Amino acid sequence: VSIVPTAKPVADVVRTLTEHKLMVGSGDFYAVRPLDGMGVALDPGVLRMSFVHYTTDAEVEQLIAGLSAALT
């Protein structure tokens, strides 16, 4: 899942999420054409959060809490 924060710089959001013990990434993730087509600046790009079949409910709740803190 990728998002573009509008109220804060991507780097600030990543920093806050890292403080909440979450591993996220930022950049273009080799999606240069789609991001360019959507008008998203390639630097810093988007904030990416990854999920897999073994992601737990607790991990999703941790992410939601971290996003709540990072985006407000």
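The following paragraphs describe the overall layout, the nonpolar core and the largest pocket of a predicted model.

A good place to start is the order of the elements. The secondary structure of the chain consists of three helices and three strands, which follow one another from the N terminus as β-α-β-α-β-α. The C-alpha trace spans about 35 × 30 × 15 Å along its principal axes. Of the contacts between residues at least 6 apart in sequence, 59% link residues at least 24 apart. Among the 72 residues of the chain, 25% are classed as buried. The exposed area comes to about 5,100 Å², with 58% of it supplied by carbon and sulfur atoms.

Turning to the interior, the largest nonpolar core is made up of ten residues, namely Val10, Val13, Val14, Leu17, Leu22, Leu47, Met49, Leu63, Leu67 and Ala70. Two elements, helix H1 (10-19) and helix H3 (57-71), each give two or more residues to this core, and H1 provides the largest share, with four. In soluble globular proteins, nonpolar side chains tend to be buried together. Leu17 offers a helpful view of the packing: leaving aside residues up to four places away in sequence, Leu17 touches Leu22, Val24, Leu47, Gly66, Leu67 and Ala70.

Leu22, one of the core residues, also appears in the lining of the largest pocket. This pocket has a volume of about 310 Å³ and is lined by 14 residues, with Leu22, Met23, Ser50, Thr55 and Glu59 lying nearest its centre. By residue class, the lining comprises nine nonpolar, three polar and two charged residues.

Terms used. Residues are numbered from 1 along each chain as its sequence is written. This is a predicted model: local features need pLDDT of at least 70, side-chain atom pairs count only at pLDDT 80 or more; totals for chains, interfaces and linings use all residues. Side-chain values use heavy atoms; hydrogens and water are left out. On a 1 Å grid over the protein atoms alone, a cavity is a set of points where a 1.4 Å probe fits but cannot get out, and a pocket is an open set with protein on both sides within 12 Å along at least five of seven lines; lining residues have an atom within 4 Å of a point. Grid points are joined across faces, edges and corners, and a volume is the space filled by probe spheres set on the points. Ala, Val, Leu, Ile, Met, Phe, Trp, Tyr, Cys and Pro count as nonpolar, Asp, Glu, Lys and Arg as charged, and the others, Gly among them, as polar. Buried means under 20% relative accessible area, exposed over 50%, partly exposed in between (1.4 Å probe, protein chains only). Contact means heavy atoms within 4.5 Å. Accessible areas come from the Shrake-Rupley method with a 1.4 Å probe; for residues, only the protein chains shown count as cover. A nonpolar core is a set of buried Ala, Val, Leu, Ile, Met, Phe, Trp, Tyr and Cys residues joined through side-chain atoms within 4.5 Å.
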